[in-house]
Amino acid sequence: MAPRQTRRLSNDEIDADRTALLALKDIGDYAPLNAAYSVAALTALGERLAQAEQAKMRAQNALDAARDAAVAAAWDLHEAMLGVKAQVIAQYGHDSYQVQALGLKRKSDRKRPVRKAA
């Protein structure tokens, strides 16, 4: 048994195991004493691995779709808020407290330019 079963196996290791399983299926007189190492048991484990990888792929696709939906919703909200800010400026003016409430600077809060002495 492997000393650390918490680390992920590399794709090369998994491919090597699958290749060895295919080679084992070709050995006609293989008869292990331990039934856990029989061709049928190993084939079942290979099928379980394939199903787990397919489930992982489906979950990854669902995550990607959810992430795309969240990004699209965030952009929709951002674009709408830019429109709202423009509407508030148009309705209340550049120097109103409503503009300040939306996180924008009032016109009177901006620093006035100062002439440089010669």
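Modeller: A salt bridge is a side-chain nitrogen of Lys or Arg within 4 Å of a carboxyl oxygen of Asp or Glu. Keep that in mind as we look around this model, which is a predicted one.

Biologist: Thanks! Why are Glu53 and Arg18 called a salt bridge?

Modeller: Their side chains meet at 2.5 Å, N to O. The cut-off is 4 Å, and the pair joins an Arg nitrogen to a Glu oxygen, so Glu53 and Arg18 qualify.

Biologist: What makes this pair a link between distant parts of the chain?

Modeller: Look at where the two partners sit. Glu53 belongs to helix α2 (residues 39-92), while Arg18 belongs to helix α1 (residues 11-26), and 35 residues separate them.

Biologist: Are Glu53 and Arg18 buried or exposed, or in between?

Modeller: Glu53 has a relative accessible area of 30%, and Arg18 has 33%. Buried means under 20% and exposed means over 50%, so both Glu53 and Arg18 are partly exposed.

Biologist: Which residues does Glu53 touch, leaving out those up to four places away in sequence?

Modeller: Glu53 touches Ile14 and Arg18. A contact needs heavy atoms within 4.5 Å.

Biologist: How many salt bridges does a search of the whole structure find?

Modeller: The search finds four. One of them joins the side chains of Arg7 and Glu13, at 3.3 Å from N to O. That value lies within the 4 Å limit, so Arg7 and Glu13 pass the test too.

Biologist: Why are Arg7 and Glu13 described as partly exposed?

Modeller: The relative accessible area is 39% for Arg7 and 30% for Glu13. Both values fall between 20% and 50%, so "partly exposed" is the right label for each.

Biologist: How do you know that Asp64 and Arg67 form a salt bridge?

Modeller: Their side chains meet at 3.3 Å, N to O. With an Arg nitrogen and an Asp oxygen within 4 Å, the pair counts as a salt bridge.

Biologist: And what separates Asp64 and Arg67 along helix α2?

Modeller: They are three residues apart, which means about one helical turn lies between them. Asp64 has 29% relative accessibility and Arg67 has 44%, so both are partly exposed.

Biologist: Let's visit helix α2 again. Why is Val88 called buried?

Modeller: Val88 is found in that helix. Its relative accessibility is 14%, and the limit for buried is under 20%, so Val88 counts as buried.

Biologist: Which residues touch Val88, not counting those up to four places away in sequence?

Modeller: Val88 touches Gly93, Gln98, Val99 and Leu102. Taking Gln98, the C-alpha atoms of Val88 and Gln98 are 7.1 Å apart in space, with the two positions 10 residues apart in sequence.

Biologist: Why is Ala41 called partly exposed?

Modeller: Ala41 lies in helix α2 and has a relative accessibility of 23%. Since buried means under 20% and exposed means over 50%, Ala41 is in between and so counts as partly exposed. Ala41 also touches Ala35 and Ala36, with residues up to four places away in sequence left out.

Biologist: Now the whole chain. Which pattern does it follow, read along the sequence?

Modeller: The pattern is α-α-α, with three helices and zero strands.

Biologist: How do you know that the chain does not match a compact globule?

Modeller: A compact globule of 118 residues would have a radius of gyration near 13 Å, but this chain has 32 Å. Its C-alpha atoms fill a box of roughly 95 × 40 × 20 Å, taken along the principal axes.

Biologist: What percentage of the residues count as buried?

Modeller: Of the 118 residues, 6% do. Val88, at 14% relative accessibility, counts as buried.

Biologist: And how far apart are the mean positions of the positive and negative charges?

Modeller: They are 20 Å apart, for 18 positive and 14 negative charges.

How values were computed:
Residues numbered from 1 in each chain as written. Predicted model: local features only at pLDDT ≥ 70, side-chain atom pairs only at ≥ 80, totals over all residues. Heavy atoms only, no water. Buried < 20%, exposed > 50% of the residue type's maximum accessible area, 1.4 Å probe, protein only. Helix = DSSP H or I, 4+ residues; strand = E, 2+ residues; numbered from the N terminus. Rg over C-alpha atoms; globule rule 2.2 N^0.38 Å. Lys, Arg positive; Asp, Glu negative; His and termini not counted. Charge placed at Lys NZ, Arg CZ, Asp CG, Glu CD.
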